[in-house]
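Trainee: Got a minute to walk through this one with me? I'd like to know what holds it together before I set anything up.
Mentor: Happy to, let's open it.
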Amino acid sequence: MISIRDLNKRYVTPHSTVTAVDSVSLEVARGDIYGIIGFSGAGKSTLIRCLNRLEEPDSGSVVIGGRDITAMDKNQLRLARQKIGMIFQQFNLLDAKTVFDNVAFPLEAAGYPREKIRRRVEEFLNLVGLEDKHRAYPLQLSGGQKQRVGIARALANEPEVILSDEATSALDPQTTYSILELLKDINKKFGVTIVLITHELDVLHHICNQMAVMEKGRIVEQGPVDQFFLNPESDTAKRFVGILQSFQSQRLYREGAGI
Amino acid sequence: MNRDLWDLLLTGLGETMYMVILATAIALLIGLPLGVILVVTEKGNVWEAPRFNRVLGTVINVLRSFPSIILIVVLLPLARLIVGTTLGATAAIVPLSIGSAPFLARIIENCLKEVNFGKIEAAMAVGASPLRIITKVLIPEALPSLVRGLTIAVIAIIGFTAVAGAIGAGGLGSLAIRFGYLRYRDDIMLATIIVLVILVQGVQWGGDYIAGYINRKRYKFD
């Protein structure tokens, strides 16, 4: 579904050049939930933003659903983006619009008739469990509710792909799980491919099938999620799993194994 | 206070209001598009054109560098061309609005830049056109701040009309200079200042009320 070939992105500052994405190649299968994990500054956010060209990659190609995103002109890109949903860590909802109008925004941009927009928005607000919040404004919602609006907005135009840029990083653990469950349901129900980046192991564990580990702009390890936990190979993977295990053994030491 | 003084004040207030309202409206008509263009043509924004942005920024800075009284004098021939005279309130509206437009453009630019860029990116990510992003995201999101900015501009334009009054525009400013200053009529000077204070207070109060109303609507719980 998504095929990334030899993607590069550098930032040139007066003092140095930072290579945020370094010759990254990836394949994401249709209907998959693909996780990309890494520490802060590993380049995962830049990578996912290159997929819909919110960041312009320097070289390499991104092909989504058989169409080369990197070769498109502005208008083609605009149309392609209408079928690529994106959810953000900071939600990025429009404070001036009601929940209903926020979800309607991508549909209006795509030029659908009013009646169809109304039906679609109602359908997706029901799906994310906000059927009683149509007329509320984002500033009146909790973080979890805001992200549900964000997800409904990303889904509204029935995209083939959803990009999730740290969607749960600003949420508490309980809300995180409810959002992950929602993403899982959506993936099952609509067969939409989800690419998500995260620095939380729990997120990978909970919903991803395939994953990649990013370190200094490069993909250092990729494969099924289970393999990562059983047999971490790269440095970053070992550190992630190591942090988890060291805290688990501390707990074992302090609180006993629960026998 | 006698009737003559009242008549003078009322006429002056009427002329000032007339100049302020029309000059603000025209300045807004010029300044709003300029402010929007200053923001959206910046690098990385929806209508990226950095070189054009720099040129426009420089032109606005040049216009803003003129001392206001000089700018009015420079623009008087233009007023003659448009309204046929260089005297009176109507003639003053031409330099007033052209003089305030660059100032207003900068204020509007500032207000629009307060909008979190993530919101613009979210709109870009769903494939919205630049025009839709400007009219449905950028301006509505900045609206309370734009109203406050416009309040500042209106009050500055009230001050600006007083300057114009010194060179034949009429209004409260001209009243204060012709009677209060040149004829030593302290009572008229004082009365003019009181009316101006009330006017400025009223504008500020109105602006605060509208901005607050928009914010309350977005925050209300029910």
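Mentor: One term before we start: two strands pair if DSSP finds at least two bridges between them. Keep in mind too that this is a predicted model.

Trainee: Okay, so how many bridges join β9(A) to β10(A)?
Mentor: Six, and the two strands run antiparallel. Strand β9 of chain A covers residues 210-215.

Trainee: Who pairs with whom there?
Mentor: Ala212(A) has Gln222(A) as its bridge partner in β10(A), and for Met211(A) the partner is Gly223(A).

Trainee: And what sits between the two strands β9(A) and β10(A)?
Mentor: Two residues, in a hairpin. Lys216(A), in the turn, has a positive phi of about 50°.

Trainee: What about the other neighbour of β9(A)?
Mentor: That is strand β3 of chain A, residues 33-37, which runs parallel to β9(A) and is joined to it by four bridges. Gly35(A) stands opposite Met211(A) there.

Trainee: Is β9(A) buried or exposed?
Mentor: Mostly covered: six of its six residues are buried. Gln210(A), Ala212(A) and Met214(A) lie on one side, with Met211(A), Val213(A) and Glu215(A) on the other, and both faces are covered. In a regular strand the side chains alternate between the two faces of the sheet.

Trainee: Met211(A) keeps coming up. What does Met211(A) touch?
Mentor: Leaving aside residues up to four places away in sequence, Met211(A) touches Tyr34(A), Gly35(A), Ile36(A), Ile37(A), Leu204(A), Gln222(A), Val225(A) and Phe228(A). Met211(A) is also among the residues that touch the most other members of the largest nonpolar core, which has 127 residues. The others are Val103(A), Ala152(A), Val195(A), Leu104(B) and Ile133(B), so the list takes in residues of both chains.

Trainee: Any other core?
Mentor: A second, separate one of seven residues, including Leu172(B), Leu175(B), Ala176(B) and Ala191(B).

Trainee: Back to the sheet. What is the strand order?
Mentor: In chain A the six strands go β6-β7-β8-β3-β9-β10, an open sheet with mixed pairing. β6 (84-88) and β10 (218-224) stand at the edges with a single partner strand each, so one side of each is left without a neighbour in the sheet. On average, neighbouring strands are turned by 15° against each other, direction ignored.

Trainee: Which helix lies across β6 and β7 of chain A?
Mentor: Helix α5 of chain A, residues 143-155, running at about 165° to β6(A).

Trainee: Is there another sheet in chain A?
Mentor: There is an open one of four strands, ordered β2-β1-β4-β5, with antiparallel pairing. Its edge strands are β2 and β5 (67-68), each pairing on one side only. β1 (residues 2-12) and β2 (residues 17-28) of chain A pair over eight bridges, and a hairpin of four residues joins β1(A) to β2(A). Ile2(A) stands opposite Val28(A), and Leu7(A) stands opposite Val24(A). Helix α1 of chain A (residues 44-51) lies across β1, β2 and β4, at about 60° to β2(A).

Trainee: Switching chains: what is chain B made of?
Mentor: Eight helices and zero strands. Of its 222 residues, 41% count as buried. The C-alpha atoms fill a box of roughly 65 × 50 × 25 Å along the principal axes. Among chain B contacts between residues at least 6 apart in sequence, 69% join residues at least 24 apart.

Trainee: Where does helix α3 of chain B bend?
Mentor: At Leu76(B), by about 40°, and a proline, Pro77(B), follows within four residues. The helix spans residues 68-83. Its buried residues are Leu71(B), Ile72(B), Leu75(B) and Ala79(B), and they pack against α4 (89-113) and α6 (130-166) of chain B. After α3(B) comes Gly84(B), with a positive phi near 85°.

Trainee: Last thing, what about confidence?
Mentor: Chain A has a mean pLDDT of 90, with 95% of its residues at 70 or more. Chain B averages 92, and 98% of its residues score at least 70. The model scores ipTM 0.88 and pTM 0.88.

Trainee: Which element of chain A has the lowest mean pLDDT?
Mentor: Helix α9 of chain A, residues 235-255, at 71, while helix α3 of chain A (residues 99-109) has the highest, 96. Where pLDDT is low, the predicted coordinates should not be read in detail.

Definitions and conventions:
Residues numbered from 1 in each chain as written. Chains lettered and ligands numbered in written order. Predicted model: local features only at pLDDT ≥ 70, side-chain atom pairs only at ≥ 80, totals over all residues. Core = buried A, V, L, I, M, F, W, Y, C linked by C-beta atoms within 7 Å. Buried ≥ 20, exposed ≤ 12 C-beta atoms within 10 Å, placed from the backbone. Contact = placed C-beta atoms within 7 Å. pLDDT = per-residue confidence, 0-100. Axes fitted to C-alpha atoms, helices over the stretch in contact; angles between N-to-C directions. Bend = angle between axes of the 7 residues up to and from the residue.
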